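Please open the structure in your viewer and keep the selection tool at hand. The stops below are meant to be taken in order, each beginning with something to select.

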Amino acid sequence: VHETDQICIYFWDVLSAFTQRELKLLLRFIAGRSRLPVQIKLQRMLTDGNPDNYLPQAHTCFFSIELPAYSCVDALRNKLLYAIYNCRAIDTDGDPDNMDDDD
C-alpha cells in the first residue's frame, strides 16, 4: 500500500482520532503486544463483493494488517474498532482481558 492510497489515508485518519487505549488495542490486534517497537505493515486485502462486509485481518507473526478497500472512513473506523475490541486471541503481554492497566 502506498501512502497516497485511499485506504492508507483512511487508516491514518481513523488512527488520529483513536484514544490511547484504542491505539494500545490496535497494537495488540496487529502484533500480539501493546508496546512498541513494532514496525507495522499495512496491506490491501483482496475481497469478493462488497469490501464493507469484511473485517480487517491481522498477521501477528509479521506485524501486518490487511484492510479491504472500504467505501468510506466510517466503514474502516467501525470495522477496525470492532476488530480491536473483539478479536484478541493472541497476546504476548499477558492477560488479553486486562486492558485497564497503564503499562
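In this predicted model, begin by selecting helix H2, where nine of the 12 residues are buried, so that the helix is largely enclosed by the rest of the structure. The buried residues of H2 are Glu22, Lys24, Leu25, Leu26, Leu27, Arg28, Phe29, Ile30 and Ala31, and if you display what surrounds them you will find that they pack against H1, strand S2 (57-59), S3 and H3. The length of H2 can be checked as well: at 1.5 Å a residue its 12 residues should span 16 Å, and its end C-alpha atoms are indeed 16 Å apart. Just after H2 comes Gly32, which has a positive phi, near 75°.

Next, select Phe11, which is buried, with a relative accessible area of 5%. Setting aside its neighbours within four places in sequence, Phe11 is in contact with Leu26, Leu42, Leu67, Leu76 and Leu80. The largest nonpolar core has 21 residues, and those touching the most other members are Phe11, Leu26, Leu67, Leu76 and Leu80. To colour the elements behind this core, choose helix H1 (6-17), helix H2 (20-31), strand S3 (64-67) and helix H3 (73-86), each of which supplies at least two of its residues. In soluble globular proteins, nonpolar side chains tend to be buried together.

Keep Phe11 on screen and add Trp12. One aromatic pair is found in a search of the whole structure, and it is formed by Phe11 and Trp12, arranged edge-to-face with 5.7 Å from centre to centre and 75° between the planes. The two partners differ in their surroundings, since Phe11 is buried at 5% relative accessible area, whereas Trp12 is exposed at 54%.

Finally, turn to the salt bridges, of which the structure holds two. For one of them, select Arg44 and Asp5, whose side chains meet at 2.9 Å, N to O. Because Arg44 lies in strand S1 (residues 41-44) and Asp5 in the segment before H1, this pair ties together parts that are 39 residues apart in sequence. Arg44 itself is partly exposed, with a relative accessible area of 43%.

For the other, select Asp74 and Arg77, which form a salt bridge with their closest N and O atoms 2.6 Å apart. Both residues lie in helix H3, three residues apart, about one turn of the helix. Asp74 is partly exposed, with a relative accessible area of 45%, and Arg77 also counts as partly exposed, at 24% relative accessibility.

Methods
Residues numbered from 1 in each chain as written. Predicted model: local features only at pLDDT ≥ 70, side-chain atom pairs only at ≥ 80, totals over all residues. Heavy atoms only, no water. Phe/Tyr/Trp six-rings, centres within 6.5 Å; stacked < 30°, edge-to-face > 60°. Buried < 20%, exposed > 50% of the residue type's maximum accessible area, 1.4 Å probe, protein only. Core = buried A, V, L, I, M, F, W, Y, C linked by side-chain atoms within 4.5 Å. Helix = DSSP H or I, 4+ residues; strand = E, 2+ residues; numbered from the N terminus. Contact = heavy atoms within 4.5 Å. Salt bridge = Lys/Arg side-chain N within 4 Å of Asp/Glu carboxyl O. Expected span 1.5 Å × (residues − 1).
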